[in-house]
Structures are given as C-alpha cells and as structure tokens.
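Colleague: Hi, I'm new to this one. Could you pull it up and walk me through it?

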Amino acid sequence: DNPINWALAVILTYMLHYFTVPRKTFSIPAKHPEVLVFKNYTPLDLLPFNGENGARILMGVNGSVYDVSAGRNFYGPGSPYANFAGHDASRGLAKNSFDADMMADPKGAIDKLEDLEADEWESLREWENLFSGKYILAGKLVENTN
C-alpha cells in the first residue's frame, strides 16, 4: 500500500507497454523516378521541356542537354532563368544575360557562338562545370532535321 510501490508499478507497466506494443509506422511507398534516356535533342525537341504543367525541364549548354528539373525554383515557370528552359541557353549564360533576345530561334541553326569574347567563353565554361556537377546530363544538342 506504499505510494512509491504504486508509482513504480505504473512506471513498470508503462515501460512494458512502450517496448512491447507495436506502434503504427508510416511509410511512403517506394516510387522509381521517371527514367530519362540519354539521346540527341534538336532545338525543336527541347521546346516542350520548359517546366509548364509540371513537365521536366531540359536546357542546352554548349552542345550538351541537362535535366535541370531539380532546380525548378531557378529554371521553372516564373523563375529568374525561366526563359532558358526548353532552349539552348549557351549565349545567355556566356553573356550573363537572361534576356529573351539571347535565345536563338529554335527553328534555325544552333548558335555557334563564334562572336564570343574570351571572358564570355570562360563564363560559359564555368556554367557548364556547374551544370555537369549538379544536374543530370540528358543528351546532346544536335541540329534540326528538315
């Protein structure tokens, strides 16, 4: 009838209950990410990959195509670099300009970037290193087929 014995009995009962009764566990079902196959993309092929309606975001950088969907906050609709999504962004990145006039016409030839200065090439290489280390290389940018 000692109150300490009653307190110890309650604590012991609680501990037995805590360690023996299974708890509800919440689990998130495993889902395999969508597979992206490395392939050649033309500038026209890139256009649908602009992040609209939750779509994947692809971007051309110096002849390579990167899946930048993980950076949706930077490249998705309404973001600072949104006009690069679904396009070859090489010129804009080299010139550190986000203006729409930096984008080559996707129906035309790929921009050869022949008029870039040495510091602009260096800037483009730095961007390319950033993309290759941070995003998935999805393919290669090739000329449109007629």
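Colleague: Let's start with Ser 97: buried or exposed?

Modeller: Ser 97 is buried, at 13% relative accessible area. Here buried means under 20% relative accessible area, exposed means over 50%, and partly exposed is in between, using a 1.4 Å probe and protein chains only. Bear in mind that this is a predicted model, where local features need pLDDT of at least 70 and side-chain atom pairs need pLDDT 80 or more, while totals for chains, interfaces and linings use all residues. Residues are numbered from 1 along each chain as its sequence is written, and side-chain values use heavy atoms, leaving out hydrogens and water.

Colleague: Okay, and where is Ser 97 found?

Modeller: In the loop between α4 (90–94) and α5 (118–134). Helices are DSSP runs of H or I with at least four residues, strands are runs of E with at least two, and both are numbered from the N terminus.

Colleague: What is Ser 97 in contact with, leaving aside neighbours within four places in sequence?

Modeller: Phe 84, Gly 92 and Met 102, where contact means heavy atoms within 4.5 Å. The side chain of Ser 97 also makes a polar contact of 3.3 Å with the side chain of Asp 99. A polar contact is a pair of N or O atoms within 3.5 Å; within protein, one must be able to donate a hydrogen and the other to accept it, and residues adjacent in sequence count only if both atoms are side-chain atoms.

Colleague: There's another serine I was looking at. Which loop is Ser 69 in?

Modeller: Ser 69 sits between β3 (64–67) and α3 (72–75). Its side chain has a 2.6 Å polar contact with the side chain of Asp 67, and it also reaches the backbone nitrogen of Ile 57 at 2.8 Å. Apart from neighbours within four places in sequence, Ser 69 is in contact with Arg 56 and Ile 57. Measuring C-alpha to C-alpha, Ser 69 and Leu 58 are 7.2 Å apart in space and 11 residues apart in sequence.

Colleague: Switching to the sheet. What is the order of the four strands?

Modeller: β1-β4-β3-β2, in an open sheet with mixed pairing. Two strands pair if DSSP finds at least two bridges between them. β1 (39–41) and β2 (58–61) stand at the edges with a single partner strand each, so one side of each has no neighbour in the sheet.

Colleague: In what sense do β1 and β4 pair?

Modeller: Parallel, over three bridges, with β4 covering residues 136–141. Within that pairing, Lys 39 stands opposite Gly 139 in β4.

Colleague: And how many bridges do β2 and β3 have?

Modeller: Four, and that pairing is antiparallel. Val 61 stands opposite Ser 64 in β3. The hairpin of β2 and β3 has two residues between the strands, and Asn 62 takes a positive phi near 50 degrees there.

Colleague: Which residues of β2 are buried on its two faces?

Modeller: Leu 58 and Gly 60 on one side, Met 59 and Val 61 on the other, so to speak a strand covered on both faces. In a regular strand the side chains alternate between the two faces of the sheet.

Colleague: What about α1, how many of its 18 residues are buried?

Modeller: Zero, so α1 is hardly covered. This helix runs over residues 3–20, and its end C-alpha atoms are 26 Å apart, which agrees with the 26 Å it should span at 1.5 Å a residue. The expected span is 1.5 Å times one less than the number of residues. At the start of α1, a side-chain oxygen of Asn 2 comes within 3.1 Å of the backbone nitrogen of Ile 4.

Colleague: Last topic, then: how many aromatic pairs does the structure hold?

Modeller: It holds 14. Rings of Phe, Tyr and Trp (its six-membered ring) pair if their centres lie within 6.5 Å, with planes under 30 degrees apart counted as stacked, over 60 as edge-to-face and the rest as tilted. The rings of Tyr 66 and Phe 131 have centres 5.8 Å apart and planes at 40 degrees, so that pair is tilted. Tyr 66 is in strand β3 and Phe 131 in helix α5, 65 residues apart, so this pair links distant parts of the chain. Both residues, Tyr 66 and Phe 131, are buried.

Colleague: How do Phe 74 and Tyr 75 pair?

Modeller: They are tilted too, at 6.2 Å centre to centre and 55 degrees between the planes. Phe 74 is partly exposed at 41% relative accessibility, whereas Tyr 75 is buried at 3%. Ring pairs link both into a cluster whose members include Tyr 81, Phe 84 and Trp 127.
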